[in-house]
Amino acid sequence: MDALTLLLNRSSQPRLEAPAPSGDALENIMQAALRAPDHACLTPWRFIVCTGKGLDKLGALYEQSAIENEKSQKEIERAVQLPHRAPMVIVAIAKHVEHEKVPRVEQIASASCGVMAMQMAAVAQGFNGMWRTGGYAHCETVRNGLGLSEEDELVGFLYLGTPAFEPAPKPQRNSNDYFEFWQ
C-alpha cells in the first residue's frame, strides 16, 4: 500500500479479532512509533504492549478503577472485558522530560504521533486498530498502576488486530472548511 493511499483512506476499526500483529509486523509497528517527530531527541514515550494475560492485567486495572470510583456492578463487570475488544492493546504514554526548549505539550504531541504511526504501520500490513482514550486514560488508579509520574500523560490505548469487516467509508470533507491560505 502506498503512503498516500494509506493516509487518505485512514479509518479506525472498532471490531478487531485475532490474529494480532506479531514478529516482523509488530516490530515494524514499534519502529514506526520510534520515528515520530521528536524535538531534541528526547524520546518522550513509553509503550506497553498487552496481549493474552497482559489484557487480563489491564482489565484488572480497569476493574480496580471502576470499584474505586464507585461505578455500578454492570460497569465493573464491563471494565474487565474492555481490553479484550482486540487481541492486542498498546498503551501509549508521554514520558515528560524536563527540557528548556521542548515543552510538555510538544512531548505529548510526539507520543501522539507515535500512536498514529503505529496505526498506519498496522494498516499497511493488513491489520487495523482503534485509538481509544476515555475515562480510564485519565484515572489516577490506572495512571498509578501503569507507573506514570504526575507530569506524564496517558495519550491512549491503541487496540490492534485483524479487521472483522471493512469499515464504512468516511465522508469526504472539504479542505476549504478547515484550511486558510495566507499569501
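Author: Before we start, a helix here is a DSSP run of H or I with at least four residues, and helices are numbered from the N terminus. Please also keep in mind that this is a predicted model.

Reader: Okay, so how many helices and strands does the chain have?

Author: The secondary structure comes to six helices and five strands, and if you read along the sequence, they follow the pattern α-β-α-β-α-α-β-α-β-α-β.

Reader: And what does H4 do for the lining of the second largest pocket?

Author: Helix H4 gives the most to that lining, with three residues. Helix H4 covers 73-81, and both this helix and strand E5, which covers 153-163, supply at least two residues each.

Reader: What volume does that second largest pocket have?

Author: Its volume is about 200 Å³. The pocket is lined by 13 residues, and those closest to its centre are Arg-78, Ala-79, Leu-82, Gly-135 and Tyr-136.

Reader: How do the residues of that lining divide?

Author: In the second largest pocket, six of the lining residues are nonpolar, two are polar and five are charged.

Reader: Then what about the largest pocket, how much space lies in it?

Author: About 700 Å³ of space lies in the largest pocket, and its lining has 25 residues, with Leu-7, Leu-8, Asn-9, Arg-10 and Lys-170 nearest the centre. Helix H1, which runs over residues 3-8, gives the most to this lining, with four residues, while the lining as a whole divides into 13 nonpolar, eight polar and four charged residues.

Reader: Changing topic, how many disulfides does a search of the whole structure find?

Author: The search finds zero disulfides. Cys-41, for example, is in none, and the nearest cysteine sulfur, which belongs to Cys-113, is 15 Å away.

Reader: Why is there no bond for Cys-139?

Author: The closest cysteine sulfur to that of Cys-139 is in Cys-50, and because the two are 16 Å apart, they are too far for a bond.

Reader: Are those two, Cys-41 and Cys-139, buried or exposed?

Author: Cys-41 is exposed, since its relative accessible area is 65%, and the cut-off for exposed is over 50%. Cys-139 has 11% relative accessibility and therefore counts as buried, the cut-off for buried being under 20%.

Reader: Last one, what radius of gyration does the chain have?

Author: The chain has 17 Å, which agrees with the value near 16 Å that a compact globule of 183 residues would have. Its C-alpha atoms fill a box of roughly 55 × 45 × 35 Å along the principal axes, and buried residues make up 39% of the chain.

Note on methods
Residues numbered from 1 in each chain as written. Predicted model: local features only at pLDDT ≥ 70, side-chain atom pairs only at ≥ 80, totals over all residues. Heavy atoms only, no water. 1 Å grid on protein atoms, 1.4 Å probe; cavity = no way out; pocket = protein on both sides within 12 Å on 5 of 7 lines; lining within 4 Å. Points joined across faces, edges and corners; volume = space filled by probe spheres on them. Nonpolar A, V, L, I, M, F, W, Y, C, P; charged D, E, K, R; others polar. Disulfide = S-S within 2.5 Å. Buried < 20%, exposed > 50% of the residue type's maximum accessible area, 1.4 Å probe, protein only. Rg over C-alpha atoms; globule rule 2.2 N^0.38 Å.
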